[in-house]
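Here is a friendly walk through one protein model, written for someone who likes to check geometry for themselves. Have the coordinates open as you read.

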Amino acid sequence: MMELVDSGIDGLNIMLGGGIPVGSSVLILGSYGAGKTTLGIHFTYAGLKRGERVAYFSLEERKESIMKASEQYGMDLEPFLEKNLIMMNPGAVEFVEMLKLKENFKRSIEEENVSRVVIDSISIMMMAADSDVLRRSIIMNLSESLKDLNVTSLLISETDVGQPYTSREKFAEFVVDGVISLQHIYNDRNGEESSLVRILKMRFMNHDRKARPYTIGDKGIQIMAKSDIFIS
Ligand SMILES: Nc1ncnc2c1ncn2[C@@H]1O[C@H](COP(=O)(O)OP(=O)(O)OP(=O)(O)O)[C@@H](O)[C@H]1O
Ligand SMILES: [Mg+2]
């Protein structure tokens with residue numbers, strides 16, 4: 001039996017067919033405000049609650065902002081700080097430098113003995129690299145380090161509005177084990193917003209092939225895993 005990791009969201013676990021295969025790296029795609037960081041918080045909290053150690057690399061938002069969001073969602077990460085939660089706020093350039101040598105990044109994770117890693121986001125890291133050659137190389141180093149250490153990871157990536165299934169830099173989707181898209185769809189006729197989550201790829205899993213609706217509320221992301229929004 002393959003060991004599966006709780007994603008932190010029940011509906012997503014159902015869509016995945018149980019959870020994320022341990023040791024997988026999963027790319028989380030979404031435009032601004034789609035809920036990528038919120039998903040990162042769910043995943044982090046799920047690990048911490050089980051007594052796992054988690055490393056969260058926040059390259060965009062300050063640590064305080066992530067803590068505040070987690071508290072608002074009722075998944076307060078603060079009590080785990082300095083214990084099982086390693087929050088890092090590296091600069092994008094600094095992070096790229098570290099990733100130039102695979103061993104550097106690997107060692108920093110290895111020393112902390114974590115089983116889950118979140119990189120929020122790889123987009124800002126990729127922007128700080130100044131050539132396609134370097135971008136390919138750092139994403140490969142990142143992915144291989146995570147694989148070598150058998151940690152389960154979320155690599156968060158921004159997409160352009162209207163391009164929900166490809167990251168801006170277009171390298172990572174081929175390297176990672178899974179790709180999940182979070183998308184807000186705006187209807188300007190009636191003013192409504194609907195949100196859809198779709199699993200585009202998950203190696204080893206016979207996952208849900210349908211997009212499912214989700215909402216972001218007081219408890220974070222909720223996915224209506226079994227409801228169909230498309231009525232034929
Ligand atoms: N308490 C809450 N209740 C309902 N919705 C909320 C709440 N807190 C945040 N949200 C929604 O979640 C969105 C922010 O989600 P999140 O930070 O996870 O997005 P993101 O995809 O990481 O965005 P970015 O690309 O800007 O980092 C807000 O724009 C808001 O719509
Ligand atoms: Mg975010």
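Let us start in a loop. F204 is partly exposed, because 13 other C-beta atoms lie within 10 Å, a count that falls between the 12 or fewer of an exposed residue and the 20 or more of a buried one. Please keep in mind that this is a predicted model. F204 is found in the loop between β9 (193-202) and β10, and F204 has a positive phi of about 75 degrees although it is not a glycine.

A second residue of this kind is N113, which has a positive phi of about 55 degrees and is not a glycine either. N113 sits in the loop that links α5 (102-112) to β6. With 13 C-beta neighbours inside 10 Å, N113 counts as partly exposed. The backbone angles worth a look, including a cis peptide bond, are set out here.

| Site | Angle | Place |
|---|---|---|
| N113 | phi, about 55 degrees | loop between α5 (102-112) and β6 |
| F204 | phi, about 75 degrees | loop between β9 (193-202) and β10 |
| D120 and S121 | omega, about 10 degrees | S121: loop between β6 (116-120) and α6 (122-128) |

Now to the sheet. Nine strands form an open sheet with mixed pairing, in the order β5-β4-β6-β7-β3-β8-β9-β10-β11. Its edge strands, each pairing on one side only, are β5 (85-88) and β11 (220-223). Direction ignored, neighbouring strands of the sheet are turned by 20 degrees against each other on average.

At the β11 end, β10 and β11 form a hairpin with two residues between them. Strand β10 (residues 212-217) runs antiparallel to β11, and four bridges join the two. Within this pairing, I216 stands opposite I221, while the bridge partner of Y214 is I223. In a regular strand the side chains alternate between the two faces of the sheet.

Elsewhere in the sheet, strand β3 (residues 25-30) includes G30. Is G30 buried or exposed? G30 is buried, because 25 other C-beta atoms lie within 10 Å, and 20 or more are enough. Leaving aside neighbours within four places in sequence, G30 is in contact with G35, K36, T159, S181, L182 and Q183. G30 and Y165 are 135 residues apart in sequence, yet their C-alpha atoms are 8.2 Å apart in space.

Which residues have the most contacts inside the largest nonpolar core? They are V26, L27, I28 and L155, in a core of 60 residues. Helix α2 (residues 36-49) gives the most to this core, with six residues. Beyond four places in sequence, I28 is in contact with K36, L39, L154, L155, I156, S157, I180 and L182.

Finally, a helix pair. The axes of helix α4 (residues 92-100) and helix α7 (residues 132-148) come within 9 Å and cross at roughly 70 degrees. That angle falls in the range of 65 to 115 degrees, so α4 and α7 are roughly perpendicular to each other. On the α4 side the contact is made by V96, L99 and K100, and on the α7 side by I138, N141 and L142. By class, the contact has four nonpolar residues, one polar and one charged.

Notes. Residues are numbered from 1 along each chain as its sequence is written. Chains are lettered from A and ligands numbered from 1 in the order in which they are written. This is a predicted model: local features need pLDDT of at least 70, side-chain atom pairs count only at pLDDT 80 or more; totals for chains, interfaces and linings use all residues. A nonpolar core is a set of buried Ala, Val, Leu, Ile, Met, Phe, Trp, Tyr and Cys residues joined through C-beta atoms within 7 Å. Two residues are in contact if their C-beta atoms, placed from the backbone, lie within 7 Å. Two strands pair if DSSP finds at least two bridges between them. Axes are lines fitted to C-alpha atoms, for helices over the stretch in contact, and angles run from 0 to 180 degrees between N-to-C directions. Angles under 35 degrees count as roughly parallel, over 145 as roughly antiparallel, 65 to 115 as roughly perpendicular and the rest as oblique. Ala, Val, Leu, Ile, Met, Phe, Trp, Tyr, Cys and Pro count as nonpolar, Asp, Glu, Lys and Arg as charged, and the others, Gly among them, as polar.
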